Amino acid sequence: EEKNYCPECGAEFEERTLRVSRALTRLADKARNQSLYRKKERKLQCEEHQEELKLFCETDKKVICVICAAAQEHKSHSFTVIEEAVEIYKNQVKSSFESLTKKESEIEQMEQQQKRKISGVR
């Protein structure tokens with residue numbers, strides 16, 4: 001008994017009226033490989049040194065490569081790895097968002113109170 005596999009997800013199915021399309025399988029494999037290749041290529045690179053950007057310069061608030069970190073321009077600066085900086089700033093943004101959401105709610109409540117007062121005056 002021949003087993004059939006979906007060329008896209010690889011799931012097995014028993015439908016016997018379908019035939020395997022080798023061309024479609026090859027095309028799906030090529031597309032999958034291209035997307036994996038592009039994901040590897042997407043790493044950000046330093047424009048000056050073509051090195052992967054791995055560090056965050058706390059002083060200048062920008063991402064840099066290890067060569068830039070050793071250069072005179074950043075010699076006395078403080079650094080962190082990008083992943084840690086992302087977590088720090090993500091938490092700061094979340095905190096700011098929560099604060100703004102609370103202030104928005106307070107303003108809406110004050111607006112409603114003012115509308116009730118205005119309605120009571122009429």
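Q: Which residue's side chain meets Lys61 in a salt bridge?
A: The model is predicted: local features need pLDDT of at least 70, side-chain atom pairs count only at pLDDT 80 or more, and totals for chains, interfaces and linings use all residues. Residues are numbered from 1 along each chain as its sequence is written, and side-chain values use heavy atoms, with hydrogens and water left out. A salt bridge needs a side-chain nitrogen of Lys or Arg within 4 Å of a carboxyl oxygen of Asp or Glu. At 3.7 Å, N to O, Lys61 pairs with Glu58.

Q: What is phi of Lys61, near which value?
A: Lys61 sits in the loop between S3 and strand S4 (62–64). Its phi is positive, in a residue other than glycine, and is near 55°.

Q: What pattern does the protein follow along the sequence?
A: Helices (H or I, at least four residues) and strands (E, at least two) are DSSP runs, numbered from the N terminus. The protein has three helices and five strands. Read along the sequence, they give β-β-α-β-β-α-β-α.

Q: What percentage of the residues in the protein is buried?
A: Accessible areas come from the Shrake-Rupley method with a 1.4 Å probe, and for residues only the protein chains shown count as cover. Buried means under 20% relative accessible area, exposed means over 50%, and partly exposed lies in between. Among the 122 residues, the buried share is 12%.

Q: Is His74 buried or exposed?
A: His74 is found in the loop between helix H2 (66–70) and S5. Its relative accessibility is 2%, so His74 counts as buried.

Q: What distance separates the C-alpha atoms of His74 and Cys57?
A: Along the chain, His74 and Cys57 are 17 residues apart. In space, their C-alpha atoms are separated by 7.9 Å.

Q: Which residue's side chain makes a polar contact with Thr80?
A: Thr80 lies in strand S5 (residues 79–81) and is buried because its relative accessibility is 10%. A polar contact is a pair of N or O atoms within 3.5 Å; within protein, one must be able to donate a hydrogen and the other to accept it, and residues adjacent in sequence count only if both atoms are side-chain atoms. At 2.9 Å, the side chain of Thr80 is joined to that of Glu84.

Q: Which residues gather in a patch of negative charge on the surface?
A: Patches are made of residues with over 30% relative accessible area and no salt bridge, with like charges joined within 9 Å and nonpolar side chains (Val, Leu, Ile, Met, Phe, Trp, Tyr) within 5 Å. Lys and Arg count as positive and Asp and Glu as negative, while His and the chain ends are not counted. The place of a charge is NZ of Lys, CZ of Arg, CG of Asp or CD of Glu. The patch holds Glu51, Glu52, Glu83 and Glu84.

Q: What is the relative accessibility of Glu52?
A: Glu52 lies in the loop between helix H1 (22–41) and strand S3 (55–57). Glu52 counts as partly exposed because its relative accessibility is 31%.

Q: What is the relative accessible area of Gln50?
A: Gln50 also lies in the loop between H1 and S3. Its phi is positive, near 55°, in a residue other than glycine. Gln50 is partly exposed, at 49%.

Q: Which residue meets Glu87 in a salt bridge?
A: Side chains of opposite charge can pair when their charged atoms come close. Glu87 has its partner three residues away in helix H3 (residues 82–121), about one turn of the helix. Glu87 is partly exposed at 40%, and its partner at 46%. The bridge spans 3.2 Å, N to O, and the partner is Lys90.

Q: What is the N to O distance between Glu111 and Lys115?
A: Glu111 and Lys115 are four residues apart in helix H3, so about one helical turn separates them. Glu111 is partly exposed at 40%, and Lys115 at 45%. Their side chains meet in a salt bridge of 3.8 Å.

Conventions
Buried < 20%, exposed > 50% of the residue type's maximum accessible area, 1.4 Å probe, protein only.
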